Structures are given as structure tokens and as C-alpha cells.
Amino acid sequence: MPIIEVNHVTKEYQLGHITSLKENVVNSYRRLVGKPIHKREDFKALDDVSFSIEQGEVVGIIGHNGAGKSTTISTFLTFNRPTSGEVLIEGLSAHEHSAIVRAKIAYLPENVALYELMTGVENLTFFCTLADINISTELARQLLTDSGLQADAHVKRVGSYSKGMRQKVGLAIATAKNAKAMLLDEPTSGLDPSAANDFAGRIRAAADLGMAVLMATHDLFNAKQVADRIGIMKQGRLVEEFDAKTVQHDELEHKYLAHARGLA
Amino acid sequence: MIGAIVHKEFFSTLRDGRLLILGCSLLVIFVGFLLSSTLQTQQLRAEKLSVGSTAKQQWDTQSVKNPHAAAHYGIYVFKPDTAVAALDPGLRPFIGQSLWLEPHKRNFERFNPSADETLAHRFGQMTTSFVLYALLPLLIVALTFNTISQERERGTLRMLHSLGLNTQALVFGKLVGLLAAFSLVLSPALLLAFLLLQESFNLSTDEGLRLGLLLLSFLLYYAIFAALAIAASAYFKTSRVTLFFLLAFWLGSVFIGPRLGAVLAQAWSPNPSAEVFWAAIKQDIDLGLNGDGNHEQRNKAFEAQLLAQYHVNSKDELPVGFVSLNRQFNDHYSSRVHALHFDRLRDNFMRQQHLTLIGSSLGPSLAMRSLSMTLAGMDLAHQRHFEDAAEEYRHYFINLTEDWDRERSHGTERNAKGESNDWRSVKDFSYSPPDSLFALQQAQLDLVVLTAWLLAALLLLSLSAKRLTP
């Protein structure tokens, strides 16, 4: 059974009926002078998206801004509810069993948001406690070390951390949770090449230990380096899917740009 | 889960430099005002003691004279201030410091400190209680306005949601953690205040209880502000809008509400002018209350009754002093009329105070202010308690002098005399202020308003948690 499943998910925002006071005033004026009125268009953030990810598999989703990558990830976190279709973790609907599903998920956003006034150890312990996982300070330190955070940084306030160091705390949280699935939203954006490479290695290692990983990214190089499969999203649809091992980088880039420019 | 949030919020708030800076600034201001207020209260106590002792000595050392003439010399009595008045002087600046007790007439207190204040005081008074009920809520607003919106802006809320956060636990954990940190920062000021008051006034058990109740009330009050601030922070999308809203609420609660309440109370239940008040008393004494007859008719009836009682045909034949008896009769009637009008006026004061609470619809500050004054024993109810005791004492010593006059004269003679032994035999005015239970009974409405605000704030906090999204 796949760990991560997305089954015919459509997310539609109906904005046609929503108008602000300002829009009403402007439209009244435009009607008066005989000009066409402004109207918000309904749009589909996700349009019948389906894919699945097996245990130990990494799937990278690439696409330009607004393609639906982050919306897909948000759906697993129940930040939004699909208009139709469903997302599943180990066969459980994320919306119907949100508490159980969240316990199985580790989420790393583009910027891992931590509490600046607390140390790395304190942040890790706090987030773990909220996830109903009690860990000792020693274990917290071990997890941070395993995630690549140097020991002297463990007790420093997170306010002084670089983005890469925060990502490592995020990875430690994911490891502590013993998550079945990891959802990464632009994880290497803003990291220097060395840090991005290091992070990619750690993701791959997590997958090799059995985690299913869904990674939304702009970084084609990183996607090809880490992922087993790569999908391209465009206007809410999953338009192409490749085997990351067989697709050439040039070909991937060409396809990506073609979709981005509307040529494909 | 909530324990972890409380722990995290407590330490984060303490580590946040804002609390330390603002807390220290307020501590300095608070201690400054408290010292000044304590010295003032001590000075007032000493002055009252000194003036009271001098006045009593002058009373005791009066020469041989007619007892009624001695009574006209009058006695000054003073309302003792509780030690808690150093924290909240309440109505003291606006009510007189001493009450002059004299025959025939009941007086208001004289010498209110506000009349002696400098020009600067006309632009508003800064007191210890102002720091407690006005400035500290501002500190809470400054600390909490971004407590949730910052989590949203920085993305931690999204992280927390992804972990299956219970939003109720988050907002209530934040409330408890923040209040705990706030109390810790506040505790040196409170400890200092307690030690200072203990050292300066040797606190009685009841005063200690009043201080405890006051502290508890203020914590309740701060909890209202903190809960509302966190609810607003969760409700509004940005810290800027939250801050704007909370500042508007603080202004409404601390400044606009009390003034609005006072204006409405005066409009709906106005007080008579002093001229009208005293004229009404004079008229009721002259013309009589409900069928009692006018002054002359009442006196004629009294004289007839007296002649019949002593079986004599004229006043001159009476075995006791008629002049004193007649005066006592008139004083008794005058006291009845005075009591009627004074009670009516003071009832209106209380009605106004209750009506003023309409201003509490804009915030809890007015109710807290009123509760604080009551617990400090510096409100209308305590004032009335004192005035009633003083009025009772006035009756005692006037009646005593009339007794001497009546017993030491006959018929219409006016030659009764009293001497220093008589004057010294007049008991001192010994006033026992009511206890804290009395204060709590008087503050019922304020407590109801504060509790209602607390429940509303907690309800809003709970509702805001329900719509807390990343």
C-alpha cells in the first residue's frame, strides 16, 4: 500500500461572487460610463490531481509559482479541504482522520519557523511535546546531532541560526516523530549549494530508512538528485511525470521551461 | 500539551527584553508614586491625630459656660485612612478631611485636598492606582498584541498546526504563561509595596486581607486584558491591526468609559445644587414634613404636651429647663429632616455610581477603579459609614450638653453652667471602620461587572481559538 496517495483531488476557489466595497464602487462607475465591469474569476488551484508515493520513495513536484505544489502539500495538513477527491496517508483520509494522519506526517516548509528566543534543543523538545512525543534533553541533542546540527549550536537561541541550521532542527523534529511521510515545501530555497547538497543527502537517507517523501521545489537539480520520480504541475494539474533516474537534466529543464512558457 | 505551552510562553516572555524594560520602567514609576502616596497618607494621619488632639484639648479646657454655648464650640472628627489608601486614595482628594459636629445642623466634610493642589493637578492626577489600573494594562497590551499574529506572520503557527496542535490549548496556555511571567515581573513591586506599607502603617489583619483582595482583583483585571489581547491577536490577521484595536480598547476602557459613565449618570440622575439642597432642608424644618405642622405649630404642641406632662400652667413653672427641652425637641426634628435629605443625596450619589458603570460597557477599568477604591476603604460607602457614625456621635454629645442644661435650670432660665469636668467627661469619638466583608458587599456590582468581563474575554478567547488558522 502506498504511504502517500492523492486521489483525483480538485480544489476550486469560487471567487466570482466575492466583491469588495472598493470593487463595487469601481464597478458602479464603470456601469455608469458603459465600460465592462471587473469580475473575479473562479479558479482551480488543483485540478484532478492523482499520484501516489511508496515507502522509501521520494517524489519531487516542480512547477512555476501558483502551479499547485504548495496547495497539494497544504491539503495533507488540512490547511485546505479539497472540493473533490481525497488525500491519504497509509490509506487514511487526511481530513477524516486528521489527528492520526498528522502524527504520521513531518512537514518542513521553505522557512522552518522556530521560536527565536528558545534554543535548538528547547524548540525540538517543545515541538515534540506538542506532537505527544516526550524526549529527554540527551535524546534531543542526539537527534540534532544526527540531523547535522553542530553540538555548540544546540544551546544557542534559534534567533542566531542560519536557514540551513533551522532546516536541520526541522529534520530532527521529523526524525523524532518517526514520521511515515515527509512533506517538503521548497526545502532548499535560499540554501547555499553546499547546504542544499547536504540537505538533499539527509532527505535521501530518511527515504532509505523507509520514509515516503513528497517534495515541492523549484530546484530542478535538487529534485533530480534526490527524487525517484519527478512530476511537473501546471495550473493545478499534474501534466507530466518522469523517472528521475532516466530523465536527463537538459530534458527536464526543457520540459519545465516549455510548460512554464505555455509551449507544451 | 497545555503545560508545555505555558512553560514555553513563560520563559519566552521572560527572555523577551520588552517585559524587562517595560516592567522595570513601571516598577520605578510605581515605587515613586507609592512612596509619595505613603508619605502623604502618613502625613495626613499625623495631621489628623495632631489636629484632633488639639481640638479635644481645646474642648476639654473650655471655661465655665452654658453647656449649649460649649456645644456650639463644636467638635472636629476625622475619618481614619486605611493603609491600603496609600495604594488607592480613592475619593480622598475630593472629599473633605474633617467633619465639624455642631448643634442644630449636620455638615459635610471640609477641606478637600484637591482645592489646595497646584495647577498641574487640574490636568489629571497621577496616583499609584493609576499605574495599577491604567498603565499596567498598557504593558500587557504591549506584550501580547502580537502573541498569535506573530506566530502567523513568522510561520510557527503553520508548524504547530502541522503537529496537530489543539488551538484551545495554545491560546489558554499562552494566557496562563503570560500571566505567570507578568506576575513574576510584578512580584518585586508587590513585595516592596507590602513591606513599605507594613513598615509605615503596621498593617492590621483586615488591612492585610484588603491588600490580598485588591491584588487578587487586579490579577483578575489583568487576566481580562491579557485574554482579550490574545483573542484579538488570534482574530486579526496582522499585528498592526491588533495593536490598533487594543490601543483603542485601552483608551475606551481607561479614559472614555469612566467619563462617558459620569456624564450619563449626571444627566440621568442629577444632584441638586448646594443652594437648593440647604434651602430644601430649611423649608422642611420651617414648614414641617407631611402634616407635622410648621415650626410654630410644632413648638406650641410640644409646649402644651410638656405643661400637661409636668401638670403646670406655664413654662416658668416647669421643674426643668424649658429652653433646653424645646431646643432638643427642635434639634430632634431638624436631625430627622437632615437625615432625610442627606440620605436622599447620598442615595443619589450611589445611584450615580451604579449608573456610571454603564461606562464599563467600554471596558473593565471603571469597575476595577471602583472596586479598588472600595477595598481601600476610600469610596462612598465607607464615607457614608463614617458620616453615620459621626452623626450618631453628634447626637450623643449634643444631647449630653442639653441634658446638663435641662437638669441645671428651671422654667425659662438660661443660666445653667458647665465646667471643665463636664467637658472632659465627653467620650472621644471612637470610630471602627467596617471590615473587608463590608467592602466586598459594597463592591458586589463591580465584582459582577468584572466577572462578566472575564467570562466574556475567556469566551472570546475560546471562539478565537476555533477560527485560528495559519
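In this predicted model, the buried residues of helix 4 of chain B pack against six helices of chain B: helix 1 (2-15), helix 2 (17-60), helix 7 (167-201), helix 8 (205-235), helix 9 (239-268) and helix 13 (365-375). Helix 4 of chain B is mostly covered, with 12 of its 17 residues buried. Among these buried residues are Thr128(B) and Ser129(B), as well as Leu136(B), Pro137(B) and Thr144(B).

The course of this helix may be considered next. Helix 4 of chain B comprises residues 128-144 and reaches 23 Å from its first C-alpha to its last, close to the 24 Å expected at 1.5 Å a residue. The helix nevertheless has a kink of about 35 degrees at Leu135(B), shortly before the proline Pro137(B).

Attention now turns to the place where the two chains touch. Here 19 residues of chain A are in contact with 18 residues of chain B. On the side of chain A that touches chain B, helix 3 (98-104), strand 6 (105-108) and helix 4 of chain A each supply at least two residues. Helix 4 of chain A gives the most, with 4 residues. By character, the residues on this side of chain A divide into 16 nonpolar, 2 polar and 1 charged.

Helix 4 of chain A, spanning residues 120-130, also holds Thr125(A). Thr125(A) counts as buried because 24 C-beta neighbours lie inside 10 Å, where 20 or more are required. Leaving aside residues up to four places away in sequence, Thr125(A) touches Ile135(A) and Ala140(A). Gly190(A) lies 65 residues from Thr125(A) along the chain, and their C-alpha atoms are separated by 26 Å.

Conventions
Residues numbered from 1 in each chain as written. Chains lettered and ligands numbered in written order. Predicted model: local features only at pLDDT ≥ 70, side-chain atom pairs only at ≥ 80, totals over all residues. Contact = placed C-beta atoms within 7 Å. Nonpolar A, V, L, I, M, F, W, Y, C, P; charged D, E, K, R; others polar. Expected span 1.5 Å × (residues − 1). Bend = angle between axes of the 7 residues up to and from the residue.
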